[in-house]
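Reader: I have a model on my screen. Show me how to read its domains and strands.
Author: Let us take them in turn.

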Amino acid sequence: VIKCKAAVAWEAGKPLSIEEVEVAPPKAHEVRIKIVATAVCHTDAYTLSGADPEGCFPVILGHEGAGIVESVGEGVTKVKPGDTVIPLYIPQCGECKFCKNPKTNLCQKIRITQGKGLMPDGTCRFTCKGKQIYHFMGTSTFSEYTVVADISVAKIDAGAPLDKVCLLGCGISTGYGAVVNTAQVERGSTCAIFGLGGVGLAAIMGCKVAGASRIIGIDINKDKFAKAKEFGATECINPQDFKKPIQEVLVEMTDGGVDYSFECIGNVGVMRAALEACHKGWGVSVIVGVAASGQEISTRPFQLVTGRTWKGTAFGGWKSVDSVPKLVTDYMSKKIKVDEFVTHNLPFDKVNEAFKLMHSGE
């Protein structure tokens, strides 16, 4: 058993508490990882808020991390102690019908236990003050050591800077993949990205890599426009600057609508606007942001009858174990940006401050 520091969420709506936790050794087909770096994501904050119906407490949150394998359980063959890895919240077992289908990346092998905050055998590896602490998204990267299923680990280039590539565990991969995998944006396309946080910037980067001719960034925080242009946005607009709905503005700006739109916020009203900003006959809108539980999307069916397509994506459609190492290689060879997404580096015990910076849009 390893004793180390972790940020524990004892209950919903309360700040995380830095505690000494005990991390049990990995069982069969499990891997214990020393987490070197982790990032914060709105998904962590959503669960912490208490609004997540799958949220269970006490829990160790975090799902964008990178580290070194410390030990492995029986039957683990893909990684060994000392390997550099990224834990994956969408695993890839290679055996379920989802893994065998090229159309999806949604491996279901451990979905039920993962959703309950448990390891595949139905138990936990964390204890604190004599209490069992739940796992989160199968990763729990807000701990100096974590235990994950062996199908939830990607072995990456040992030379990669972990304080950067941890972002490939969720945000960057999600936005970038939404463009290159889910939408398959073609050269010369006109694209609109709603929400210019980390995921939105990654979508802009994907549109640029795909050769889109117009990339329109949309956000109510105009302080994000300069960064969006650095990533490849050709223009940026603030919906609050207009008297009419943003979809009407975009339809006028683009002679009938955009070829592709991406909703990177998780707001159902914006999802509708993103679809309705698409061009009749061929426009495709991809939902990337995760809306709160119980919310529903709506539009007039005629929008779809007249040739628009509404799609969704999780983790950018990447088959995780196969794709994350390649994304790291693409970053190392300067094909995709990662360093530019990092705004602040904080010590682990300032994790609550990191959430405040995220909520303030900084």
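**Two domains and a strand**

Author: The chain splits into domain 1 (2-169 + 319-352) and domain 2 (174-314); such bounds come from an automatic or database domain assignment. This is a predicted model, where local features need pLDDT of at least 70, side-chain atom pairs count only at pLDDT 80 or more, and totals for chains, interfaces and linings use all residues. Residues are numbered from 1 along each chain as its sequence is written, and side-chain values use heavy atoms, leaving out hydrogens and water.

Reader: How many Å separate the centres of domain 1 and domain 2?
Author: Over C-alpha atoms, 29 Å. The contact (heavy atoms within 4.5 Å) draws 13 residues from domain 1 and 13 residues from domain 2.

Reader: What area is buried between domain 1 and domain 2?
Author: Interface size is often given as the accessible area lost when the parts come together. Here that buried area (1.4 Å probe, summed over both parts) is about 1000 Å². Carbon and sulfur atoms give 68% of it.

Reader: How many salt bridges are there between domain 1 and domain 2?
Author: A salt bridge puts a side-chain nitrogen of Lys or Arg within 4 Å of a carboxyl oxygen of Asp or Glu. The count between these domains is zero.

Reader: Which strands pair with β1?
Author: Strands are DSSP runs (E, at least two residues), numbered from the N terminus. Two of them pair if DSSP finds at least two bridges between them. β1 (residues 2-9) runs antiparallel to β2 (residues 17-23), with seven bridges. K3 faces E22 in β2. β1 also pairs with β4 (residues 59-60), antiparallel, over two bridges. There A9 stands opposite V59.

Key:
Buried means under 20% relative accessible area, exposed over 50%, partly exposed in between (1.4 Å probe, protein chains only). Helices (H or I, at least four residues) and strands (E, at least two) are DSSP runs, numbered from the N terminus. Buried area is the accessible area (1.4 Å probe) that two parts lose on being put together, summed over both.
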